[in-house]
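Subject: Structure handover

Hello,

Here is the structure I promised to pass on. Please look through it first, then read my notes below.

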Amino acid sequence: MPQILRVNMSDMTTKFEEFPEKYKKLGGRALTSTMVFDEVPPTCEPLGPLNKVIIAPGIVTGTNAPSSGRLSVGGKSPLTGGIKEANAGGLTAQKIAKLGLKAVVLEGQPKSKDKWFNIVIKKGTAEIVDANDFAGMGLYELIGKVWEKYPSKPGIIGCGIAGQKLMRSAGVFGNNVENNDPGRYAGRGGLGAVIGSKRIIAIITDDTDGERPAAVNKELYDEGRKKLVAALNEHAVTGVLEKDGKPYGGLKNYGTNVLQNIINEAGALPARNWREGRFDGAAKISGEATHELVDKVKAKFPDSPAQYAHACHPGCIIKCSNVVPYEDTGKLQVSPLEYETAWALGTNCGIDSHFHVSELNRVCNDLGLDTIEAGNTIAVAMEAGLLNFGDGPAAVNFLKKVGSDSPMGNLIGLGALGLGQAFGVTHVAHCKGQSLPAYDPRPIRGIGVTYATGPQGGDHTQGYTIAPEILQVGGTPDRMDVNKAELSRAFQATTAFIDSTGYCLFIAFAILDIASGSEGMVQSIQGFLGDTSIDAVAYGMDVLKKEREFNKKAGFTKVDDRLPEFFQTEPLPPHNVVFEVSDEELDKVFEN
Amino acid sequence: MIDVHIYGLIKKKFDPNASLGDNMIIKLNHHDGLLLQDVFKELDLSQEDCGDCFVNGKVIKRDENPEIKDNSRVAIFSEGMYLLCGGQHLKGHGFITRSAPKDYDYFHLSSGE
């Protein structure tokens, strides 16, 4: 029988509960958002005892469905003040699922600030253990020490120094498959600080004696799973590494950072704190540059962990991750280096050094920071004159202040909006207080609608409308068109469904093109749950409605569904356009 | 003149020592009526060797052959290098397994459709 594990940090107890019937169709984001809606007072202090952290694997996580090992982490965000779901790969989601747990709930708060704790979850048991030895420790060291102490190779998630200091830009880290990098981040929205507010550093999950969750209708589940595997392998974006002796799958060869040059060519790559739409140094920090570095280092150091086509969790067949090596030693520098991270810490800061961008990423991973928030914060600091655009070494030193006793570190930890307010910079790209990622909404307006109206704050993953817009197809005018409400709503709903399944959002690339792939994905969910009435879009809309309702009760109004003024007044070169979507159009997204 | 930005492994065709992490810009003379296919021909490139192609910030579909104006910026990516999105079939990359959907229903997941 599936269960929920509750860890109460007020009375220091743990309790296994039967998974409620009313939640039986829910997983991942649907479950975290529903439980936050049901259990967290919308107006509560995000870093206080009434907020909760809900940790949930997706519906088919833990099964042999391809690329389905995603973990959702939910709560009230200290960065946006609204509901939040952030998700990641890593080891923990599948291990929680194999232990028969649908969710782990962290609630309450110790009165004493003297102690730190880890949570150790095993088959049928959960313990709150003293963790003062881990406090203030860099996360590369921490994950190594945890595996020394627990030889079963557990999944580890939690917060780093940034979260322990209750910084709004603190993400939730996760160890990778090899346990050599804590870079599997549910990064956005400051949920790392919520974990820190409960005096928890790490949640350690050992799935010894666990079992794969079983499908109710195994035949339908298997049929769907096989169709999805075939589609993922066939598609040019998610497909195999090589075909006919030539590079094939874009994600396996170049990772998500294949986009660096592509979005640059589209003229939609925000550069130097969102002042320009192209960056001359894009190629140097691109996925192609990483691919070449990996090949070069592997030739020199055959035992180097350097890799592209790297899986973010066991069973992922998309393998968009990578392991970036130090060129001079072959040792791991960081894993992974993704597009939005390379953009935030590179392009947006005018930094074109692959080494320094990777090092900044490593600092984020070590301290427990969201890379998108950190990059935007550095760019705002550059705009404030605290350091110069393009100065990689200075940016590394600046970011490291987060881990020091310097008050500047606390300001950096506030995120881009907070630092901007401290230094009088109003040119801050955010929505609901959360920094925007690597696609400028002036030339790509649908993504601007998603940024503005999505319940999660500025976040591309909640409705990735890049596809139809850059393509300029399907009977609509081009991406400059301003009637984007329907487009954004459809993508937001579908995304909310995929985020609930446990499947990686990147299966979307294949299921958008290959009809049998999308059919297979839905069949696998219907088969697993034993319910053929599941409608993906309707399911996703239900999730969005709950999230919007939570935000409304937290005090959000239409005014919060807007982008900063400069997007409407400052044309972005080279297309020299502004964000012209009207407030009325933005309000149409969820008006019914 | 027009600038042609080359990305990915096809760089090696023009310079075997070229780095994938550096810009490669080939300057071509412009003439009235210059078409995109003329650019491919002049560079001795086949579209099948290429992924996405942009002209002045706009994705060009495989079946399009637009006129290239003077001072244009053309970008050609190697095979396997695409804008990360569904919709490759709509760009003519040969992954056609469904007809062009409505603009907002790309996933075709709603049972009501």
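**Chain A: overall picture**

Chain A has 23 helices and 18 strands. Helices (H or I, at least four residues) and strands (E, at least two) are DSSP runs, numbered from the N terminus.

Before you go further, note that this is a predicted model: local features need pLDDT of at least 70, side-chain atom pairs count only at pLDDT 80 or more, and totals for chains, interfaces and linings use all residues. Residues are numbered from 1 along each chain as its sequence is written, while chains are lettered from A and ligands numbered from 1 in the order in which they are written.

Confidence comes next. The mean pLDDT of chain A is 94, and 97% of the residues score at least 70. (pLDDT is the predictor's confidence in each residue, from 0 to 100.) One stretch of chain A, residues 472–478, stays under 50. The model has 14 contacts beyond four places in sequence for that stretch. A contact means that the C-beta atoms of two residues, placed from the backbone, lie within 7 Å.

The C-alpha trace of chain A spans about 60 × 55 × 55 Å along its principal axes. Its radius of gyration is 22 Å, which agrees with the value near 25 Å for a compact globule of 592 residues. That radius is taken over C-alpha atoms, and the globule rule is 2.2 Å times the number of residues to the power 0.38. In chain A, 65% of the 592 residues are buried. Buried means 20 or more other C-beta atoms within 10 Å of a residue's own; exposed means 12 or fewer, and partly exposed lies in between, with C-beta atoms placed from the backbone. Of the contacts in chain A with a separation of 6 or more, 71% link residues 24 or more positions apart.

**Domains and core of chain A**

Chain A is assigned domain 1 (3–205) and domain 2 (266–434). The bounds come from an automatic or database domain assignment. The two domain centres, taken over C-alpha atoms, are 25 Å apart. Across the contact, 41 residues of domain 1 meet 33 residues of domain 2. On the domain 1 side, α3 (139–149) and α4 (161–164) of chain A each supply at least two residues. The largest share there, three residues, is from α4(A).

The largest nonpolar core has 203 residues. Such a core is a set of buried Ala, Val, Leu, Ile, Met, Phe, Trp, Tyr and Cys residues joined through C-beta atoms within 7 Å. Ala103(A), Val104(A), Val172(A) and Ile507(A) have the most contacts inside this core. Helix α18 (residues 485–501) of chain A gives the most to the core, with eight residues. Domain 1 and domain 2 of chain A both contribute, so the core lies between them. Leaving out residues up to four places away in sequence, Val172(A) touches ten residues' worth of neighbours, among them Val73(A), Ile157(A), Tyr185(A) and Ile195(A).

**Chain B**

Chain B has two helices and five strands, in the sequence pattern β-α-β-α-β-β-β. Of its 113 residues, 40% are buried. The five strands form an open sheet with mixed pairing, in the order β2-β1-β5-β3-β4. Strands pair if DSSP finds at least two bridges between them. β2 (25–28) and β4 (58–59) of chain B are at the edges with a single partner strand each, so one side of each has no neighbour in the sheet. β1 (residues 2–7) and β5 (residues 73–78) of chain B run parallel, joined by five bridges. Within β5(B), Phe77(B) is the bridge partner of Tyr7(B).

Best wishes
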